[in-house]
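Dear colleague,

Please find below the structure for your review, with the sequence alongside. The findings follow underneath.

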Amino acid sequence: MKQLFTLLVLLSTFYQSKAQTTAISPSIKTSKAVLDDFMDQRFGMFIHWGPVTLRGTEIGWSRGTSVPVQDYDNLYKEFNPVLFNADIWVKTAKDAGMKYLTITSKHHDGFCLWPTKFSDYNIMNSPYKKDIVGELAKACKKYNIKFCVYFTVLDWHDPNYPIHLPDGKNLDPKADIHKFITTMKNQLREIVTQYHPYVLWFDGNWESPWKNEYGADLYTFLKKLDPNVIINNRIGASQGGEHPKLTERIIGDFATPEQKIGELNMNNPWETCMTICQQWAWKPNDKLKTLKECIQTLAKTSGGNGNLLFNVGPMADGRIEQRQINRLKEMGDWLANYGESIYGTKGGPYKPNEVFATTRKNNKLYVHIFDQKSADVILPALHGVKVNQAYLLKGSKINYSQNTDGSIVLRLPEHLPNADDSVIVLELNINSDNL
Ligand code: JFZ
């Protein structure tokens with residue numbers, strides 16, 4: 001018995017010391033006020049870009065797979081996006097109703113889109129020779145769009161990072177991860193002090209060289225540079241497979257479901273990242289999502305209490321494809337009408353489904369109607385809730401009734417104003433925060 005007790009004590013001290021190596025001091029964690037502000041933005045633009053767009057293959061992942069390494073690593077010598085205009089990209093985001101923008105400063109191929117002093121493999125050694133990250137930061141300021149930076153902790157190009165190819169298993173004994181981390185910190189110091197990103201969006205944390213303690217150390221380093229910078233959950237080592245949900249033990253401020261809509265979560269901030277086509281980087285004739293898919297994705301994300309970081313891959317000449325600009329503008333047109341039901345709202349209390357999703361603010365519940373096939377939409381009862389009024393957002397009254405069990409029946413009009421998502425406002429007897 002005594003032996004068992006000693007073993008338990010030993011085990012618990014072992015786990016405590018393990019936890020301590022990765023614990024983030026609560027005093028440096030991003031405040032709730034800052035994160036609440038981030039979650040109020042709801043919709044941002046992700047941009048994956050680099051010399052690989054000259055080939056039209058996937059950024060990072062095609063290096064050594066569909067594009068030979070030698071070829072891939074020399075593309076920057078031809079990268080000359082003369083039609084790049086930061087104002088046009090940022091205006092495209094603005095017109096889409098997006099509130100922030102996240103650019104890949106460095107993806108897994110190691111190429112840096114800003115003039116870093118800590119690697120020659122950067123935009124100043126391309127024929128273009130202009131600071132892409134800096135120009136975007138400036139344009140974002142001009143258009144009042146929050147500027148954010150993506151940065152990967154794996155770099156298959158840097159000799160000091162132990163893995164050199166996608167899905168590489170062998171660790172290079174000549175690599176020095178500590179030198180690599182020093183370079184990374186130097187580069188991130190440049191990014192934070194020169195461009196003042198609102199969010200730092202890390203990635204590449206699933207490979208074995210990256211340890212949770214490096215993530216904790218990096219988080220602490222960055223928060224000392226800027227106490228308010230928001231950091232995603234791919235800074236700590238990933239626990240494999242699915243990107244983990246945010247829990248106490250995970251380093252970072254928000255969860256990052258990828259290419260799928262996150263689940264309803266009223267406690268932990270999350271942001272879905274998703275491509276407008278299929279590839280992250282530009283691909284010729286890539287399949288573009290329909291407007292219905294785009295709008296319903298945004299509504300279901302908001303309905304789950306999350307943000308949407310919607311990705312475009314600009315072309316090698318510096319332009320975003322016109323058909324993508326058009327699609328984004330259509331989303332912006334929808335938001336110009338229905339934005340009240342997205343920005344600054346909370347998701348829930350219902351789980352989004354194929355028929356409807358709800359968002360809420362003050363005494364209003366916004367019901368996003370996706371399926372117009374049946375005449376009625378029935379919402380399960382909410383404790384203590386009485387509906388005082390129902391009407392289409394910016395439109396006419398809606399007939400409704402409330403059953404004795406409290407469930408709410410909305411009678412849909414014959415023609416709903418929007419085929420992709422019409423919003424019905426329910427004015428409640430209580431503040432929707434109390435649901
Ligand atoms: C990552 C990147 O690899 C991808 O290129 C893009 O930047 C996206 C936003 O984030 O996505 C992943 C992450 C992990 C795997 C594949 C794609 N994985 O473990 O196979």
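**Ligand site and helix α2**

In this predicted model, an N or O atom in the side chain of arginine 234 lies 3.2 Å from an oxygen atom of the ligand. Two further side chains should be noted in this context. Glutamate 258 places a side-chain N or O atom 2.7 Å from an oxygen atom of the ligand, and for tryptophan 61 the distance from a polar side-chain atom to a ligand oxygen atom is 2.9 Å. On its own the ligand has 440 Å² of accessible area, of which the protein covers 78%.

The surroundings of the ligand comprise twelve residues, and those that come nearest are His48, Trp61, His107, His108 and Glu258. Sorted by class, this shell consists of five nonpolar, four polar and three charged residues.

The second topic is helix α2, which spans residues 32–41. Which of its residues are buried? They are Val34, Leu35, Phe38, Met39 and Gln41. These residues lie on the same side of α2 because they cover an arc of only 145° around the axis. As general background, an α-helix has 3.6 residues a turn, so residues three or four places apart point the same way. Lys32 and Ala33, by contrast, are exposed on the other side of α2.

Finally, the backbone just beyond this helix deserves mention. Arginine 42, which comes just after α2, adopts a positive phi of about 65°.

Yours sincerely

Note on methods:
Residues are numbered from 1 along each chain as its sequence is written. This is a predicted model: local features need pLDDT of at least 70, side-chain atom pairs count only at pLDDT 80 or more; totals for chains, interfaces and linings use all residues. Side-chain values use heavy atoms; hydrogens and water are left out. A residue is near a molecule or strand if one of its heavy atoms lies within 4 Å of it. A polar contact is a pair of N or O atoms within 3.5 Å; within protein, one must be able to donate a hydrogen and the other to accept it, and residues adjacent in sequence count only if both atoms are side-chain atoms. Accessible areas come from the Shrake-Rupley method with a 1.4 Å probe; for residues, only the protein chains shown count as cover. Ala, Val, Leu, Ile, Met, Phe, Trp, Tyr, Cys and Pro count as nonpolar, Asp, Glu, Lys and Arg as charged, and the others, Gly among them, as polar. Buried means under 20% relative accessible area, exposed over 50%, partly exposed in between (1.4 Å probe, protein chains only). Helices (H or I, at least four residues) and strands (E, at least two) are DSSP runs, numbered from the N terminus. The arc is that of the directions from the helix axis to the C-beta atoms.
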